[in-house]
2 protein chains.
Amino acid sequence: MPGRSVSKQTLVRLPAYLHFLQSLSGEERRYVSATAVAEALGLNDVVVRKDLAAVSSAGRPKVGYGRAELIAELEHFLGYDNSQDAILVGAGKLGRALLSYEGFPQYGLNILAAFDADPRVCGTEEGGKKILPMEKLSNLCRRMKVRIGIITVPGEHAQKVCDALIESGVLAVWNFASVHLNVPEGVLVQNENMAVSLAILSNHLKERFSTK
Amino acid sequence: MPGRSVSKQTLVRLPAYLHFLQSLSGEERRYVSATAVAEALGLNDVVVRKDLAAVSSAGRPKVGYGRAELIAELEHFLGYDNSQDAILVGAGKLGRALLSYEGFPQYGLNILAAFDADPRVCGTEEGGKKILPMEKLSNLCRRMKVRIGIITVPGEHAQKVCDALIESGVLAVWNFASVHLNVPEGVLVQNENMAVSLAILSNHLKERFSTK
DNA sequence: ATTCAATCGATTCTTTGATATCGATATGGC
DNA sequence: GCCATATCGATATCAAAGAATCGATTGAAT
């Protein structure tokens, strides 16, 4: 069995490897070398080899890795073959867009239902998912052993919602609100923040123009 | 003038500092210490101080940083006060959602127009932004000196679109397609990839259950 | 059969970011 | 006016990630 914990940056690269390997489908490529992957993705080949060592065991000199095998191993490692249930809180524009997004099942994410504080949207559906009142959140999370919570509420309510989720057994929070969430040890917050991306873009442009 | 280039991880934290400082508005807090910021965001205080040193010059012992001043410096550093023009390619569901999003101006991003290959959506509008045919892309980018391109096309067309953008003078690409983009030296690609976030969430849960 | 080239995997080195420590400074209390 | 304390800023230590090197292995070519 391959090694356990991997670094976050490795984790960022793994989906890229997987996607690249899948994109090769058309051609008759039974084996792929770490060198080839590195070349295609603009990475160092030994980084790729080290990353793959964490998820795979196969890898033959002069040949490379079996493509189909490696794809399966990556999918397994990333949990694509083992769906996780999640619930979403905040059925606003963004929340409803996520509810309608059809790509999640392929990544192993299954949104069971959504919750909202506004009684007018409760009872309605979006993307085939029911939108329920907040009062039912805790009960459903506990009953279904939900471990993933998606927060798409306005910033001022995010912490309160987060606390409620954790109190109901959620261990990983996907936070789309642009506020920092305080969570106890052992709970993960993954922030999805456009301000961060824009900051990186903006900074790049500034550097480009100030140094050149 | 504060130091030049900052690390990417610093850049990720800066918007959080800014947001936290802004959230203090209500109270009569003229000065904020790095220690207080660190505490609120769950960071080490010396990290905060080092990050702030890159964007600010003020900072008095025993007192802290002037809040309004620091906010202004952060906003300036992050480019919020100096709007950048951008264009968007791919007026699908996600593309149109971004066109309608009203938060961009506050982050210093101004989407001029969108482009799409489908003649049926060309000529229509979304969020007050015109959707134009691809043929006009290059001309508009050059004429308006657009430096930021947002890619929301399906993966199979992303590289082609990216090449066209760069050819038209774009220096920073915000990529929502889940494919790796090859770009020449000096051009930045910022990937916005849900697969990556989900991988991190999934991995956390796996570790939680395998080690405990 | 032997040699050569490609590739993997392990070890080492370098760079970078995070944390800890220390002195300097300014404010408030005595 | 002096001292204690909070805070900043700089320096040094530590950890982790990336890059380079090197030996080992395998398949193909001669």
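**Exercise 1. Take stock of chain A.**
Task: State how many helices and strands chain A has, and describe its extent and burial.

Solution.
Step 1. Count the elements. In this predicted model, chain A holds eight helices and nine strands.
Step 2. Box the chain. Along the principal axes, its C-alpha atoms fill roughly 60 × 50 × 35 Å.
Step 3. Check burial. A residue counts as buried when 20 or more other C-beta atoms lie within 10 Å of its own. Of the 212 residues in chain A, 34% pass.
Step 4. Look at sequence separation. Take contacts in chain A between residues at least 6 apart in sequence; 55% of these join residues at least 24 apart.

**Exercise 2. Split chain A into domains.**
Task: Give the bounds of the domains of chain A and the separation of their centres.

Solution.
Step 1. Domain 1 covers 8-77, and domain 2 covers 84-195.
Step 2. Taken over C-alpha atoms, the centres of these domains of chain A lie 33 Å apart.

**Exercise 3. Read the sheet.**
Task: Write the strand order of the seven-stranded sheet in chain A, then explain what is special about β5 and β9 of chain A.

Solution.
Step 1. The order is β5-β6-β4-β3-β7-β8-β9 (chain A). The sheet is open, with mixed pairing.
Step 2. Go to the edges. β5 (125-126) and β9 (188-191) of chain A each have a single partner strand, so one side of each lacks a neighbour in the sheet.
Step 3. Pick one pair. Strands β3 (residues 84-89) and β7 (residues 148-151) of chain A run parallel over four bridges.
Step 4. Find a bridge. Val89(A) is partnered by Ile151(A) in β7(A).

**Exercise 4. Map the contact between chains A and B.**
Task: Say how many residues each chain brings, and which elements build the side of chain B.

Solution.
Step 1. Chain A brings 46 residues, and chain B brings 46 residues.
Step 2. On the chain B side, α1 (8-23), β8 (172-175), β9 (188-191) and α8 (194-211) each supply at least two residues.
Step 3. α8(B) gives the most, with 14 residues.
Step 4. Sort the chain B side by class: 24 nonpolar, 16 polar and six charged.

**Exercise 5. Survey the surface near DNA strand D.**
Task: Name the residues that come nearest to DNA strand D, and the elements behind this surface.

Solution.
Step 1. There are 21 residues around the strand. Ser7(A), Asn44(A), Pro61(A), Gly59(B) and Pro61(B) come nearest.
Step 2. α3 (45-55) of chain A, and α2 (34-41) and α3 (45-55) of chain B, each supply at least two residues.
Step 3. α3(B) has the largest share, three residues.
Step 4. By class, this surface near DNA strand D has nine nonpolar, seven polar and five charged residues.

How values were computed. Residues numbered from 1 in each chain as written. Chains lettered and ligands numbered in written order. Predicted model: local features only at pLDDT ≥ 70, side-chain atom pairs only at ≥ 80, totals over all residues. Near = placed C-beta within 6 Å. Nonpolar A, V, L, I, M, F, W, Y, C, P; charged D, E, K, R; others polar. Domains from an automatic or database assignment. Contact = placed C-beta atoms within 7 Å. Pairing = 2+ DSSP bridges. Buried ≥ 20, exposed ≤ 12 C-beta atoms within 10 Å, placed from the backbone.
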